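This report walks through one protein model for a reader who has not met it before. Please keep the sequence and the 3D view at hand while reading.

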Amino acid sequence: MSEDSLLDDALVRLDEAAAHLSIDPDVIEKLKFARETTKVRLMIRMDDGSRKSFIAWRCRYDDTRGPTKGGIRFHPDANVEEVETLAFWMTFKCAVMNLPYGGGKGAVQVDPRQLSKAELERLSRAYIQAFARTVGPDRDIPAPDVYTNSMIMGWMADEYAQIVGQAEPAVITGKPIALGGSLGRGDATARGGYYLVRHLAGELGLGETLRVAVQGFGNAGQHIARLLAADGHKVVAVSDSEGGVYSAAGLHVDMLIEAKTQGRSVVSTVGQGGHEALAGDALVGVDCDLLVPSALENMIHGKNAGGVKAKLVLELANGPVTPSGDRILADKGVVVLPDILANAGGVTVSYFEWVQNKQGYYWTEQEIHDRLQAIMEREGRAVWNVSKEKDVSMRTAAYVHALGRLAEAIEAHGTQSFFTS
Ligand code: NAD
């Protein structure tokens, strides 16, 4: 099977799931294509007075179960296929968690590290100007993704409010608390994965103290390292885009987070506290119990999956394991907790933010944690049960679980709603 196309690879999961359910083929056909994808060119004024343009996209993949929901990525390699694939995954992720949303995604092809803060703000505002009629609190609700953050969401929410002439905080999630953001959103993705591992630890046969390797040390990676270390687990390796660090005795997670907060790579801690240098691509094969890919897509593939020593992979990143990587891991008996379940804590707390914005009443951090834990455990248990009943991987089980819900909603709308006869 080819690994050329990210979207084709993603659609393989749909076919695998469909084989376990009796579903109208029209439903599968509908889910194979994005409903709408818009490409624009954003022109902004640079600080030196020149003008520069950037390609940007917004995809609303499927809105059968509710308004589309999905992050905005700023990345130099962003492309339309990646945007549509991420939106496809969001469609299934929201269905796995039973959130009342469809799936969407957006991106700007840009290296934000090359922009000043003022340029970044102009670009973020230009994105909302271009997509003002696409997004909306009941239509399409963006959120942060790779290289976007709460500050950017705040600028975008402000731009939208100026366009529509009133505050509309529910148009975007992941906002600063001061603009209607939710407590608990910052670490929600990692925390959801953490609750999931804790809940299924017995079934997965995990020991008391896990040795953990974390690939990617941004929002998801830093928080999972912190949460697991606080429980007494040993974070033995982490990496970022510049390389990795290793310590068999356990890395100093606080020191690593401090380095990132100061804008340095994790590599800058080599030589301190027993931290040794590790080649970034060696992280996947580090001797550990739990491997947590938290960077980008396609990081564990046909060529390196054979070297994985972990018993469990927690996919905090979206699409970090390719289908051929998956097959190799399955043959080795490695359990993969799939992205559409494992990293769904982020969109779940985004949903809580949207609910709080709409009701105008805000919950405490403890209430957010408790609600997140309840949903992660409920849906994690349901996916676990499907995987046992049907004797399939957790990934296939998550797709089966989501597809059942999507099919029910598509059929409830009536097929005339999306096919003209
Ligand atoms: P981020 O921008 O905060 O961090 C990304 C990290 O990956 C950075 O530390 C970067 O240096 C590192 N990285 C990039 N290339 C790498 C490479 N080749 N090897 C090792 N590290 C590399 O992004 P994030 O928000 O933490 O997102 C990470 C992943 O989690 C993405 O796949 C994203 O889609 C997914 N995700 C994030 C959220 C969220 O709420 N933040 C929710 C769901 C899924």
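The text below goes through two sheets, a pair of helices and a few single residues.

The model is predicted, so that local features are reported at pLDDT of at least 70 and side-chain atom pairs at pLDDT 80 or more, while totals for chains, interfaces and linings use all residues. Residues are numbered from 1 along each chain as its sequence is written, and side-chain values use heavy atoms, with hydrogens and water left out.

## The five-stranded sheet

Helices (H or I, at least four residues) and strands (E, at least two) are DSSP runs, numbered from the N terminus, and two strands pair if DSSP finds at least two bridges between them. Strands of a sheet pair through backbone hydrogen bonds, either parallel or antiparallel.

An open sheet of five strands, with mixed pairing, follows the order β1-β2-β4-β3-β5. Its edges are taken by β1 and β5, each of which has a single partner strand, so one side of each is left without a neighbour in the sheet. On average, neighbouring strands of this sheet are turned by 25° against each other, direction ignored; angles in general run from 0 to 180 degrees between N-to-C directions, with axes being lines fitted to C-alpha atoms, for helices over the stretch in contact.

Some of the strand pairs of both sheets are set side by side here.

| Strand pair | Sense | Bridges |
|---|---|---|
| β1 (residues 36-45) and β2 | antiparallel | 10 bridges |
| β2 and β4 (residues 102-109) | antiparallel | six bridges |
| β3 (residues 68-75) and β4 | parallel | six bridges |
| β10 (residues 290-293) and β11 (residues 312-314) | parallel | two bridges |

The strands β1 and β2 form a hairpin with five residues between them, and G49 in the turn has a positive phi of about 95°. Along this pair, R45 stands opposite R51 in β2, and the bridge partner of L42 is F54 in β2. On the pairing of β2 with β4, D62 is placed opposite G103 in β4, whereas R73 has A107 of β4 as its bridge partner.

How many of the residues of strand β2 are buried? Taking buried to mean under 20% relative accessible area, exposed over 50% and partly exposed in between (1.4 Å probe, protein chains only), nine of the 12 residues of β2 (residues 51-62) are buried, so this strand is largely enclosed by the rest of the structure. Strand β4 is likewise largely enclosed by the rest of the structure, because seven of its eight residues are buried.

T134 is found in the loop between α4 (117-130) and β5 (140-144). With 10% relative accessibility, T134 counts as buried, and, apart from neighbours within four places in sequence, T134 is in contact (heavy atoms within 4.5 Å) with E36, R58, R60, R139 and D140.

## The seven-stranded sheet

Another open sheet, of seven strands with mixed pairing, has the order β9-β8-β7-β6-β10-β11-β12. The edge strands are β9 (276-278) and β12 (335-337), each with a single partner strand, so that one side of each is left without a neighbour in the sheet. From one strand to the next, the twist averages 20°.

Where β10 and β11 pair, L290 stands opposite L312 in β11. The loop between β10 and β11 holds A295, which counts as partly exposed at 27% relative accessibility. Leaving aside its neighbours within four places in sequence, A295 is in contact with Q215, G216 and A317.

## A pair of packed helices

Two packed helices are described by the angle between their axes and the distance between the axes. Helix α12 (residues 365-390) packs with helix α13 (residues 394-413) at an angle of about 110°, their axes being 8 Å apart. These two helices, α12 and α13, are therefore roughly perpendicular to each other (65 to 115 degrees; angles under 35 degrees count as roughly parallel, over 145 as roughly antiparallel and the rest as oblique). On the α12 side the contact includes W384 and K390, and on the α13 side it includes M394 and R405.

## Cysteines

A disulfide is a pair of cysteine sulfur atoms within 2.5 Å, and a search of the whole structure finds zero disulfides. C94 is in no disulfide, the nearest cysteine sulfur being that of C59, 13 Å away. C94 counts as buried at 0% relative accessibility, and C288 is buried with a relative accessible area of 2%.
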